[in-house]
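Hi,

Here is the structure I promised to pass on. My notes on it follow below, starting with the charged pairs and then moving to the fold.

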Amino acid sequence: MVKLSAKCILAGDATVGKSALAQLFETDGAHFQKNYTMTTGVELILKSVAIPDTGDSVELFIFDSAGKELFTDVLEKLWIQPSVFCLVYDVTKEQSFTNCALWLERVRTKVQGMQIPGILVGNKTDLIGRRVVERTRAQEWATSQGLEYCETSVKMMENFETPFHSLARLFHQRYLEVEEIVQSLV
Ligand code: GDP
Ligand code: MG
């Protein structure tokens with residue numbers, strides 16, 4: 001039975017639903033806040049994820065930050081050495097999708113060439129008539145960047161656990177691979 005810890009950072013434009021997603025995950029689906037003031041400062045969410053078919057678990061340290069901090073030194077410090085990342089966009093906002101390339105770039109400069117597990121999340125799928133980013137397009141881009149892809153509606157509490165479970169699973173998998181290499185050396 002192995003217990004791992006992973007630092008997870010949330011990236012993406014303001015108002016795409018990063019905080020709503022993290023908070024719903026934290027409370028196991030108990031809280032979707034419709035109108036809350038934007039997060040001020042930094043919030044740390046701690047949550048343990050069991051890895052199926054193993055006795056292992058990954059404790060996720062999810063770092064959420066407010067829109068205000070998105071382009072300041074605070075974020076630069078907060079983003080030091082992430083283990084995994086969750087990149088969120090709003091399926092009704094084209095700009096929030098195209099900006100994902102910029103966010104990804106920013107994440108990559110923080111990990112200096114290391115490949116860390118990441119997932120692209122298309123949120124607000126409940127706004128059916130207002131969708132502008134098609135699933136296949138986002139999926140293709142994610143795949144081309146080596147990212148997993150999933151869609152969520154935090155509002156409808158759909159799939160809100162998937163991104164974090166996927167990241168925990170990928171992180172655990174990476175651990176097993178490294179472990180195997182180490183074992184082969186001794
Ligand atoms: P953040 O700036 O990325 O952290 O975004 P927030 O979590 O603060 O969410 C911004 C707004 O979008 C809030 O009013 C949320 O209630 C709303 N929101 C978040 N997720 C969804 C969703 O899945 N569907 C809809 N319709 N609204 C959402
Ligand atoms: Mg927020």
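E151 and R131 form a salt bridge, with their closest N and O atoms 2.6 Å apart; by salt bridge I mean a side-chain nitrogen of Lys or Arg within 4 Å of a carboxyl oxygen of Asp or Glu. The two residues sit 20 apart along the chain, E151 in strand β6 and R131 in the loop between β5 and α5. E151 counts as buried at 8% relative accessibility, while R131 is partly exposed at 24%. The cut-offs there: buried is under 20% relative accessible area, exposed is over 50%, and partly exposed is in between (1.4 Å probe, protein chains only). Helices (H or I, at least four residues) and strands (E, at least two) are DSSP runs, numbered from the N terminus.

Some ground rules before you dig in. This is a predicted model, where local features need pLDDT of at least 70 and side-chain atom pairs count only at pLDDT 80 or more, while totals for chains, interfaces and linings use all residues. Residues are numbered from 1 along each chain as its sequence is written, chains are lettered from A and ligands numbered from 1 in the order in which they are written, and side-chain values use heavy atoms, leaving out hydrogens and water.

Back to the charges. The structure holds seven salt bridges. One of them joins D28 to K47, again with 2.6 Å between the closest N and O atoms. D28 is in the loop between α1 and β2, and K47 is in strand β2, 19 residues away. D28 is exposed at 52% relative accessibility, whereas K47 is buried at 14%. D28 also comes just after α1 and has a positive phi, near 55°.

Then there is K124 with D90, at 3.5 Å from N to O. K124 lies in the loop between β5 and α5 (135–144) and D90 in strand β4, so this pair ties together parts that are 34 residues apart in sequence. K124 is partly exposed, with a relative accessible area of 22%, and D90 is buried at 2%. Through shared partners, salt bridges join D90, K93 and K124 into one network. The D90 side chain also makes a polar contact with the side chain of T92 at 2.7 Å. For that term, I count a pair of N or O atoms within 3.5 Å; within protein, one must be able to donate a hydrogen and the other to accept it, and residues adjacent in sequence count only if both atoms are side-chain atoms.

Now the fold. Six strands make an open sheet of mixed pairing, in the order β2-β3-β1-β4-β5-β6; two strands pair if DSSP finds at least two bridges between them. β2 (42–50) and β6 (148–151) are the edge strands, each pairing on one side only. β2 and β3 (57–65) run antiparallel and are joined by nine bridges, with K47 opposite L60 and S48 opposite E59. Six residues separate these two strands in a hairpin, and D53 in the turn has a positive phi of about 65°. β1 and β3, on the other hand, run parallel with seven bridges, and the partner of I9 in β3 is F63.

What about burial: how many of the nine residues of β3 are buried? Seven are, so β3 is largely enclosed by the rest of the structure. The same kind of count for α1 gives eight of nine, so this helix is also largely enclosed. Its buried residues are covered by elements including β1, β2, β3, β4 and α6, where contact means heavy atoms within 4.5 Å.

The largest nonpolar core has 28 residues, and those with the most contacts inside it are C8, L21, V58, L60, I62, C86 and F164. A core here is a set of buried Ala, Val, Leu, Ile, Met, Phe, Trp, Tyr and Cys residues joined through side-chain atoms within 4.5 Å. Its largest share, five residues, comes from α1. Apart from it lies another core of 23 residues, among them F97, V107, I116 and L120.

Last one: S184 lies in helix α6 and is exposed at 57% relative accessibility. Its side chain reaches the backbone oxygen of I181 at 2.6 Å.

Cheers
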